[in-house]
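Let's take a walk through a protein together, starting with its empty spaces and ending with two residues tucked into loops. Keep the structure open while you read.

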Amino acid sequence: MKIGIEGQRLFRQKKHGMDMVALELIRNLQEIDHVNEYFIFVKPDEDSSALKATANFKIIPLEGGSYPMWEQFALPKAAKKYGCDILHCTSNTAPINSDIPLVTTLHDIIYMESSYLKILAGSATPYQKFGNAYRKLVVPRVVKKSSKIITVSHFEKKRIGEFFGMKNDNRLAAVYNGVSKHFKPVTDEAELKRVKEKYQLPDNFFFFLGNTDPKKNTKGTLKAFSDFLKLTGSNYKLVMLDYDSNELEKILNEIGDKNLINKIVLTGYVINTDLPAIYCQSKIFLYPSLRESFGIPMLEAMACGVPVITSNTSSMPEVAGDAAIIINPFKPGEITAAMINLCNDAHTSAQLVESGLVQAAKFSWKAMAEDVLKIYDEIAKQ
């Protein structure tokens with residue numbers, strides 16, 4: 001069987017969630033499948049070392065302009081040229097005029113939900129607005145066309161089924177994401193020091209992977225952290241990654257605490273292999289999103305032995321199990337109370353670390369790749 005996999009963004013320098021999922025899928029398929037022939041379609045970019053070809057995995061660089069042009073025209077043309085029996089598109093969208101049997105990974109349908117669009121109104125960047133408009137146009141057509149739709153949690157499977165009238169449609173499958181093997185407790189003092197100096201980390205901090213997407217609840221989290229400092233007088237700081245300082249100042253003005261900027265460390269972009277040493281030096285990992293389809297960072301933090309605060313919404317309780325403090329993300333006071341609890345209660349913190357290590361171990365990229373390979377085989381038999 002000849003299998004094409006869309007990996008448009010795999011060679012870009014700054015990879016994020018869906019990019020890492022696709023990368024781990026391909027790497028693990030390389031380990032378990034030495035029979036089928038694979039064609040990985042990528043857009044040429046700076047990080048060409050992210051994925052290496054093997055005997056039955058060929059890397060096919062494709063030019064083709066913008067994301068929509070590349071996906072709608074260059075990708076199906078190349079898949080046909082290489083004789084693919086299946087084309088797997090990994091990042092929510094896919095070509096709508098391809099004749100090749102299609103597998104689509106639909107991570108979520110947040111951009112289709114009216115409640116999210118209300119949250120988004122007025123705060124989205126032009127790039128986010130364009131991306132949402134493109135997905136709203138393409139995804140309904142892709143859902144009808146796909147031979148199989150993979151999503152990443154049972155919560156999201158239910159949402160997709162309800163939204164598109166697919167409750168009993170066997171084309172829809174939930175396949176969990178995993179945790180990369182390098183996410184584990186870091187005991188090498190030299191490595192911890194290297195990462196601390198590289199990103200100028202403070203001695204005592206909470207870690208928050210916020211961004212400008214409203215679903216990440218950055219405003220609510222900063223409000224909760226501000227209140228935590230006022231109530232406790234502690235010297236903790238908040239470490240955030242690749243966040244725009246101007247956008248941060250706007251939010252601090254909105255919550256009425258301009259001086260909080262002195263308690264926040266913006267690291268810039270962090271390469272994936274440096275993340276474990278940041279997790280391991282944090283006191284608490286904050287993941288109080290308003291809406292997630294899965295929540296890989298929660299598991300990464302757990303695998304590194306860090307207690308997690310997360311939300312009672314969408315997929316997060318499903319993925320966190322009993323290994324996190326669960327709060328209402330729409331109530332910053334609950335986030336603040338959870339921070340205080342973990343700082344004052346060493347027993348609860350230790351319990352969460354122990355249960356988190358167990359919970360994270362339930363999710364692996366190899367298991368994900370095995371499930372996806374079964375889906376390829378199922379389509380081939382049909």
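Before we start, one term: a cavity is a set of grid points where a 1.4 Å probe fits but cannot get out. Its volume is the space filled by probe spheres set on those points. Rolling a probe the size of a water molecule over the atoms shows where empty space is left. Keep in mind too that this is a predicted model.

So what does the probe find here? There are two cavities of 30 Å³ or more. The largest cavity holds about 100 Å³ of space. Its lining is made of 13 residues, and V21, L25, T105, I150 and M368 are the ones nearest its centre. Have a look at where the wall comes from: α1 (17-32) and α14 (365-381) each give at least two residues to it. The largest share belongs to α1, with three residues. And what kinds of residues are they? Eight are nonpolar and five are polar, with no charged ones in the lining of the largest cavity.

Now the second largest cavity, at about 30 Å³. You'll find E6, G7, Q8, R9, L10, M18, D19, A22, T90 and S91 around this second cavity. Here too α1 supplies the largest share of the lining, three residues. The mix in this second lining is three nonpolar, four polar and three charged residues.

Let's move on to the strands. In general, the strands of a sheet pair through backbone hydrogen bonds, either parallel or antiparallel. In this protein, seven strands form an open sheet with parallel pairing, in the order β3-β2-β1-β4-β5-β6-β7. Why do β3 (57-61) and β7 (172-174) each have one side without a neighbour in the sheet? They stand at the edges and each has a single partner strand, so nothing in the sheet sits on the other side. Neighbouring strands in this sheet are also turned against each other, by 20° on average if you ignore direction.

Zoom in on one pair: β4 (residues 86-89) runs parallel to β5 (residues 102-105), and three bridges link the two. To get your bearings, find H88, which stands opposite V103 in β5.

Helices lie across these strands. Remember α1 from the cavity walls? It lies across β1 (2-6), β2 (37-42), β3 and β4, running at about 150° to β3. Helix α2 (residues 67-81) lies across β1, β2 and β4, and makes an angle of about 155° with β2.

Next, follow the chain into the loop between β4 and β5, where P95 is found. Is P95 buried or exposed? With a relative accessible area of 0%, P95 counts as buried, because the cut-off for buried is under 20%. Leaving out residues up to four places away in sequence, P95 touches E71, Q72, L75, P76, L87, C89, L102 and K145. F41 is 54 residues from P95 along the chain, and their C-alpha atoms are 13 Å apart.

Our last stop is another loop residue, N217, which sits between β8 (205-208) and α7 (218-232). N217 has a relative accessible area of 8%, so it falls under the 20% cut-off and is buried as well. Which residues does N217 contact, apart from its neighbours within four places in sequence? They are F208, P288, S289, L290, P329 and I335.

Terms used
Residues numbered from 1 in each chain as written. Predicted model: local features only at pLDDT ≥ 70, side-chain atom pairs only at ≥ 80, totals over all residues. Heavy atoms only, no water. 1 Å grid on protein atoms, 1.4 Å probe; cavity = no way out; pocket = protein on both sides within 12 Å on 5 of 7 lines; lining within 4 Å. Helix = DSSP H or I, 4+ residues; strand = E, 2+ residues; numbered from the N terminus. Nonpolar A, V, L, I, M, F, W, Y, C, P; charged D, E, K, R; others polar. Pairing = 2+ DSSP bridges. Axes fitted to C-alpha atoms, helices over the stretch in contact; angles between N-to-C directions. Contact = heavy atoms within 4.5 Å. Buried < 20%, exposed > 50% of the residue type's maximum accessible area, 1.4 Å probe, protein only.
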